[in-house]
Amino acid sequence: MEFESHYATVNGLNMHYVTAGEGPPVILLHGFPDTHQVWRRQIPDLAAAGLRVIAPDLRGYGKTDMPRDVGAYAVSFLADDVLRLMDALGIDKAVVVGHDWGALIGWHLAMHAPERIVRYAALSVGHPKAISSSSLGQKLRFWYMLVFKTPVVAEALLKAGDWAALRKMIRSREQQEIWIAALAPEGRLTAALNYYRANFKPSSARAWLPVNVPVMGVWSEHDPALGEQQMLDSREQCRAGFRYERIDGVGHWLQLSGADRLNALLLDFIRSPIA
């Protein structure tokens, strides 16, 4: 299946997105260091099931414009981009699926714009309040964020040795080359790292509200950065129901290594009646 490529003007930016299928809308939000391409194994199955699938390149990524100011990557702006894209496409409400940074954006939408979200599937990343109150072990898993938040140093380390550090994040040679092609153009790697530099400030905890839309949290067994408990603890923040699913034998990029199982879970969640 070929995806249609389009642009929309969103908050003064040219936002690139791909779409496929017709029916109720589903929006797929990627994380670091991905683009819409990380969803290439989900889009065909969801579209074939009678859904209108939209997968944007989030600001700074892929073919979407990249603001220079670090503050432009605060999660509130990233979430508003999604809402304004929905407005541009004439979408009142949608199912949202988010992974990694896309999951944090999805949580923000579920907290602050529940009237626009039919239901939300969070992949890998649990509710921010569950993460903030997690164990020391979980916090130690985030050691790499200290590196990513350091300008110049992080860029140099990730590019060194033909992007050796980036390549170690995933075994798939295909995905490695997709990442490098997307991050190599001037400014793109810094834009991606600005997600870390603009967020996770102590003051942001005040915005971590419970959510009032149905949520499914999906965690994968071999995720090196995120433990299972932070996803399980997200149940306490989900007032309209929380469904937990675990995919064994796969790592952080469950869209790729666990595609068949993830797609089945997403379709079942999307089709299930809301209590």
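**Entry 1: Arg-68**

I began with Arg-68 and looked up its accessibility in this predicted model: with a relative accessible area of 65%, Arg-68 is exposed, because the cut-off for that class is over 50%. I placed Arg-68 in the loop between β4 and α2. Leaving out residues up to four places away in sequence, I found that Arg-68 touches Gly-187 and Asn-194. I also took a C-alpha to C-alpha distance from Arg-68 to Leu-28, and noted 25 Å in space for a separation of 40 residues in sequence.

**Entry 2: Asp-57**

I stayed in the loop between β4 (52-56) and α2 (75-88), where Asp-57 also has its place. Which side chain of opposite charge is nearest to Asp-57, and how far away is it? I found Lys-63 at 6.7 Å, and I recorded that Asp-57 is buried yet has no salt bridge. That distance does not qualify, because a salt bridge needs the nitrogen and the carboxyl oxygen within 4 Å.

I then asked what the side chain of Asp-57 does reach, and noted the backbone nitrogen of Lys-63 at 3.1 Å. With the side chain of His-36, the side chain of Asp-57 makes a polar contact of 2.8 Å. Setting aside neighbours within four places in sequence, I listed the residues in contact with Asp-57, among them Met-15, His-16 and Tyr-17, as well as His-30, Thr-35 and Thr-64.

**Entry 3: the sheet**

Tyr-17 led me to the strands, since I had it down as the bridge partner, in β2, of His-6. I found that β2 (residues 13-20) and β1 run antiparallel and are joined by seven bridges. For the whole sheet I wrote down eight strands in the order β1-β2-β4-β3-β5-β6-β7-β8, with the sheet open and the pairing mixed. At the edges stand β1 (4-10) and β8 (242-247), each of which has a single partner strand, so one side of each is left without a neighbour in the sheet. On average, and with direction ignored, neighbouring strands of this sheet are turned by 20° against each other.

I next checked which helices pack on the sheet. Helix α3 (residues 101-112) does, touching β3 (25-29), β5 (94-99), β6 (117-123) and β7 (215-220), and its direction makes about 150° with that of β6. Helix α12 (residues 259-271) packs on the sheet as well, touching β3, β5, β6, β7 and β8, and I noted about 165° between its direction and that of β8.

**Entry 4: strand β3**

Is β3 enclosed by the rest of the structure or open? I found five of its five residues buried, so β3 is largely enclosed by the rest of the structure. Going through the side chains, I saw Pro-25, Ile-27 and Leu-29 pointing one way from β3, and Val-26 and Leu-28 pointing the other way, with all of them buried. The pairing of β3 with β4 is parallel and runs over three bridges, and I noted Ile-54 in β4 as the bridge partner of Ile-27.

**Entry 5: salt bridges**

I looked up the total and found that the structure holds 15 salt bridges. I took the pair Arg-84 and Asp-80, whose side chains meet at 2.5 Å, N to O. These two residues are four residues apart in helix α2, and so are separated by about one helical turn. Both came out as partly exposed, Arg-84 with a relative accessible area of 27% and Asp-80 with 24%. I also recorded that Asp-80 and Arg-84 belong to a network of salt bridges that links them with Asp-87 and Arg-116.

I then turned to Glu-221, which forms a salt bridge with Arg-246, the closest N and O atoms being 3.8 Å apart. I noted that this pair links distant parts of the chain, as Glu-221 lies in the loop between β7 and α10 (228-232) and Arg-246 in strand β8, 25 residues apart. Glu-221 counts as partly exposed at 30% relative accessibility, and Arg-246 is also partly exposed, with a relative accessible area of 36%.

Which further residue forms a salt bridge with Arg-246? I found Asp-248, with the closest N and O atoms 2.4 Å apart. I closed the entry with the accessibility of Asp-248, which at 38% counts as partly exposed.

Conventions
Residues numbered from 1 in each chain as written. Predicted model: local features only at pLDDT ≥ 70, side-chain atom pairs only at ≥ 80, totals over all residues. Heavy atoms only, no water. Pairing = 2+ DSSP bridges. Axes fitted to C-alpha atoms, helices over the stretch in contact; angles between N-to-C directions. Contact = heavy atoms within 4.5 Å. Buried < 20%, exposed > 50% of the residue type's maximum accessible area, 1.4 Å probe, protein only. Lys, Arg positive; Asp, Glu negative; His and termini not counted. Polar contact = N/O pair within 3.5 Å; in protein donor to acceptor, adjacent residues only side chain to side chain.
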